[in-house]
Amino acid sequence: MQDTLSKEQAFEDKIARGQVIEPKDWMPERYRKQLIRMMSQHAHSEVVGMLPEGNWITRAPSLERKLVLLAKVQDEAGHGLYIYSATETLGADRKELIDQLLAGKAKYSSIFNYPTTNWADIGAIGWLVDGAAIVNQTALAKCSYGPYSRAMLRICKEENFHNKQGYQIMARMMRGTKQQQEMAQDAMNRWWWPALMMFGPSDKNSPNSEDLMRWKVKLYSNDDLRQRFIDRTVPQAEAIGLTIPDKELKWNDKTRHYEHGEINWEEFNAVISGNGPCNKQRMNQRIKAHEDGKWVRQAAEAYAAKHYN
Ligand code: 3HC
């Protein structure tokens, strides 16, 4: 018992000194479990996140837009594989993690349970969803677990491209016909609040934050990152003539932040419990894709058994 206590104290001291924890370092079981939960759900989000946008690859308005969207969706697949690999450094089994997702026993980001009904949604996703991911992931790039923070460094570079191409789509539509402007504003109205929900419940309702902030996995709270996202995004919307769908939004000169309306937490809880607009569709698509890919996994395993054992 004494030995574990001194190990725990040594671990806490390392975290307090801002040292990075590596896979071979001793760590409390709870730290390991929290990271596996958070990182695996992050990886699931990247893979499921391919579906809403993938839906528009064949319908992109030009060859150039098709190429850009293809590159983005391929990046998301890579982010998922990257973060699954980082999760495996904690002793997690990738097949088990994926089985949990497909069995509905693991979460992925609520944002991917909303429909993409037209091309403006692709702009809104790149600009708002990847914009929110950048705010979240630039903080994670400084987190205490080495493999996760290093994965974020590479991923954030690609997220910046995703965010810029999305904003460019919205800016171009806002310089377009009246109908295109209405499409862009409609997408803004549908994606703004779900993008705020990406940062999680309010701090007072965030059961995991205490652990994660004590161990410097989360460097900022859910509400702090959400506020950072709002403060950087509102001027971007105004710059291209989009209106934020929040009548209570107003700049506070004293706090130097935007004040905003209340998030619909009932909607948030419904979506993360599996009752969002597209949860069932997304899971069915992921299950089918996994089954369709079975022969590839079998071939790779057969090759590995023949050549590497
Ligand atoms: N969607 C789904 N579930 C959510 C959620 C969301 N937006 N926000 C919170 N939750 C879940 C949590 O997973 C937790 O449930 P669990 O204990 O069963 O896992 C519960 O709600 C309570 O939330 P907490 O605040 O206590 O949970 P966390 O401390 O883990 O904070 C988080 C939630 C902010 C999402 C944090 O996990 C995090 O920063 N994760 C890493 C980043 C990530 O996963 N991003 C997802 C988007 S990926 C993406 O955007 C891809 C890009 O390329 C487009």
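Student: Which helix gives the most to the shell around the ligand, and with how many residues?

Tutor: Helix α2 gives the most, with six residues. Helices here are DSSP runs (H or I, at least four residues), numbered from the N terminus. The shell draws at least two residues from each of α2 (29-48), α6 (119-140), α7 (146-174) and α11 (265-275). Please note that this is a predicted model, in which local features need pLDDT of at least 70 and side-chain atom pairs pLDDT 80 or more, while totals for chains, interfaces and linings use all residues. Residues are numbered from 1 along each chain as its sequence is written, and side-chain values use heavy atoms, with hydrogens and water left out.

Student: How many residues surround the ligand, and which come nearest?

Tutor: A residue is near a molecule if one of its heavy atoms lies within 4 Å of it. Around this ligand there are 32 residues, and E76, K107, E159, S206 and K218 come nearest. By class, 15 are nonpolar, ten polar and seven charged. Charged means Asp, Glu, Lys and Arg; nonpolar means Ala, Val, Leu, Ile, Met, Phe, Trp, Tyr, Cys and Pro; the others, Gly among them, are polar.

Student: Which side chains have polar atoms at 2.7 Å or 2.8 Å from an oxygen atom of the ligand?

Tutor: A polar contact is a pair of N or O atoms within 3.5 Å. The side chain of K218 places a polar atom 2.7 Å from a ligand oxygen. For E159 the distance to a ligand oxygen is 2.8 Å, and for an N or O atom in the side chain of R37 it is also 2.8 Å.

Student: Which pocket does the ligand take up?

Tutor: The ligand's space is the largest pocket, whose volume is about 1,100 Å³. Its lining has 47 residues, with S109, N136, M198, F199 and G200 nearest the centre. Two or more lining residues come from each of α2, α3 (50-54), α4 (63-88), α6, α7, α10 (222-239) and α11. Of these elements, α6 gives the most, with nine residues. The lining divides into 24 nonpolar, 14 polar and nine charged residues.

Student: What is the volume of the second largest pocket, and which element supplies the largest share of its lining?

Tutor: The volume is about 540 Å³. Of the 19 lining residues, L81, I98, R286, H290 and R297 are the closest to the centre. Helix α5 supplies the largest share, five residues. By class, this lining has nine nonpolar, two polar and eight charged residues.

Notes: A polar contact is a pair of N or O atoms within 3.5 Å; within protein, one must be able to donate a hydrogen and the other to accept it, and residues adjacent in sequence count only if both atoms are side-chain atoms. On a 1 Å grid over the protein atoms alone, a cavity is a set of points where a 1.4 Å probe fits but cannot get out, and a pocket is an open set with protein on both sides within 12 Å along at least five of seven lines; lining residues have an atom within 4 Å of a point. A molecule sits in a cavity or pocket if more than half of its atoms lie within 2 Å of its grid points. Grid points are joined across faces, edges and corners, and a volume is the space filled by probe spheres set on the points.
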